[in-house]
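I opened my notebook for a walk through this one, helix by helix and then residue by residue. Here is what I looked up, in the order I got curious.

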Amino acid sequence: MTLFYENETDAAFEFDVEELARTVCEAVLDAEQCPYETQVSLVLTDNAGIHEINREYRGIDRPTDVLSFPNVDFAKEAQFDIDEDTEADYFDPETGELILGDIMISVDKVKEQALSYGHSRKREMAFLIAHSMLHLCGYDHMTQEEAAVMEQKQESILTKLHITRD
C-alpha cells in the first residue's frame, strides 16, 4: 500500500501518525479482502481548513472531524471486481495500484473528541482513519442498518489492532 501523507498543521502527537495510518489502512483493506495494492492520501488539517473544504465540497458551513473522498464507485460495499471499462479511472497507470481516494482529518477535532470521549488521541485518530477507509471502500451510514455495519467493522478492526478505548 502506498500512503501519501501530509500534515498541514504544526500539531504534534505522542505517536507516529503516518505509521498509525498505514497500520489502520492495511487492517481495513485486509478485513475487506481487497485484492489489489492500493493508494490512499491522508491530509491532516485544522478546523479552519476542514471547514473550508466541507463548505466547498459538501455545502456544509462548519468544521467536521473527517472527510472522505472516494475514488472508486463501488456497486456494493467492498466489491472489488473492477469493470474493465473503468480500470483507467481507478488504477495508477505507473504503479498499477488501485487509487482508493483521499482522507482529510482535523487535528483540532481529534484532540477535542478524544478529550470529550475520554480516550487517547491515538484511539481517536485510528477511529477516524478506519471510519474514512470504510467510506473509501464503499460503505456509508445514511441508515441505521448501514451505521450499525460500519460501527461493528470499525470496532472489530481497532480491537484486532489493540487500539481500544483507554
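**Entry 1: cysteines.** The model is a predicted one, and I began with the sulfurs. I searched the whole structure for disulfides and found zero. I then asked why C25 has no bond to the closest cysteine sulfur. That sulfur belongs to C137 and lies 9.2 Å from the sulfur of C25, which is too far for a bond, as a disulfide needs the pair within 2.5 Å. C137 is in no disulfide either, and its nearest cysteine sulfur is that of C34, 6.6 Å away. I checked burial too: C25 has a relative accessible area of 1% and is buried, and C137 is buried as well, at 0%.

**Entry 2: α1 against α5.** Next I turned to the helix that carries C25. Helix α1 covers residues 17–31, and its axis runs 9 Å from that of α5 at an angle of about 40 degrees. That makes the two helices oblique, because 40 degrees falls outside both the roughly parallel range (under 35) and the roughly perpendicular one (65 to 115). I noted the crossing of α1 and α5 as right-handed.

Which residues of α1 meet α5? I listed V17, L20, A21, V24, C25, V28 and L29. On the α5 side, I wrote down K122, M125, A126, I129, A130, M133 and L134. Sorted by class, this contact has 13 nonpolar residues, no polar ones and one charged.

**Entry 3: α4 against α5.** I stayed with α5, residues 121–136, and looked at how α4, residues 107–117, packs on it. The axes are 8 Å apart and the angle is about 115 degrees. I can therefore call α4 roughly perpendicular to α5. This crossing is right-handed.

From α4, I found V110, K111, Q113, A114 and Y117 in the contact, and from α5, R121, E124, M125 and L128. The classes here are five nonpolar, one polar and three charged. M125 caught my eye, since I had already listed it in the contact with α1.

**Entry 4: α5 against α6.** One more partner for α5: helix α6, residues 144–160, whose axis comes within 10 Å and crosses at roughly 130 degrees. The pair is therefore oblique. Again I recorded a right-handed crossing.

The α5 residues in this contact are R123, A126, F127, A130, H131, L134 and H135. They meet M150, K153, Q154, E155 and L158 of α6. By class I have six nonpolar, three polar and three charged residues.

**Entry 5: after α6.** I followed the chain past the helix to H162, which lies in the segment after α6. Its phi is positive, about 60 degrees, although H162 is not a glycine. H162 is exposed, at 69% relative accessibility.

T164 is in the segment after α6 too. Is T164 buried, partly exposed or exposed? I get 41% relative accessibility for T164, so partly exposed is the right label. Leaving out residues up to four places away in sequence, my contact list for T164 should be R123 and T159. R123 is familiar from the contact of α5 with α6. I also took the C-alpha distance from T164 to Q144, and the two are 20 residues apart in sequence and 23 Å apart in space.

**Entry 6: two loop residues.** A78 also has a positive phi, about 55 degrees, and is not a glycine. I placed A78 in the loop between β3 and α3. At 15% relative accessibility, A78 is buried.

P93 sits in the loop between α3 and β4. P93 is exposed, with a relative accessible area of 79%. From P93 to E77 I count 16 residues in sequence and 24 Å between C-alpha atoms.

**Entry 7: I50.** My last stop was I50, in helix α2, residues 47–58. I50 is buried, with a relative accessible area of 0%. What does I50 touch, not counting residues up to four places away in sequence? I wrote down T45, P63, T64, D65, V66, L67, M104, I105 and S106. I50 and E112 are 62 residues apart in sequence, and their C-alpha atoms are 15 Å apart in space.

Technical notes:
Residues are numbered from 1 along each chain as its sequence is written. This is a predicted model: local features need pLDDT of at least 70, side-chain atom pairs count only at pLDDT 80 or more; totals for chains, interfaces and linings use all residues. Side-chain values use heavy atoms; hydrogens and water are left out. Axes are lines fitted to C-alpha atoms, for helices over the stretch in contact, and angles run from 0 to 180 degrees between N-to-C directions. Helices (H or I, at least four residues) and strands (E, at least two) are DSSP runs, numbered from the N terminus. Angles under 35 degrees count as roughly parallel, over 145 as roughly antiparallel, 65 to 115 as roughly perpendicular and the rest as oblique. A crossing is left-handed if the near helix is turned anticlockwise from the far one by less than a right angle, and right-handed if clockwise. Contact means heavy atoms within 4.5 Å. Ala, Val, Leu, Ile, Met, Phe, Trp, Tyr, Cys and Pro count as nonpolar, Asp, Glu, Lys and Arg as charged, and the others, Gly among them, as polar. Buried means under 20% relative accessible area, exposed over 50%, partly exposed in between (1.4 Å probe, protein chains only).
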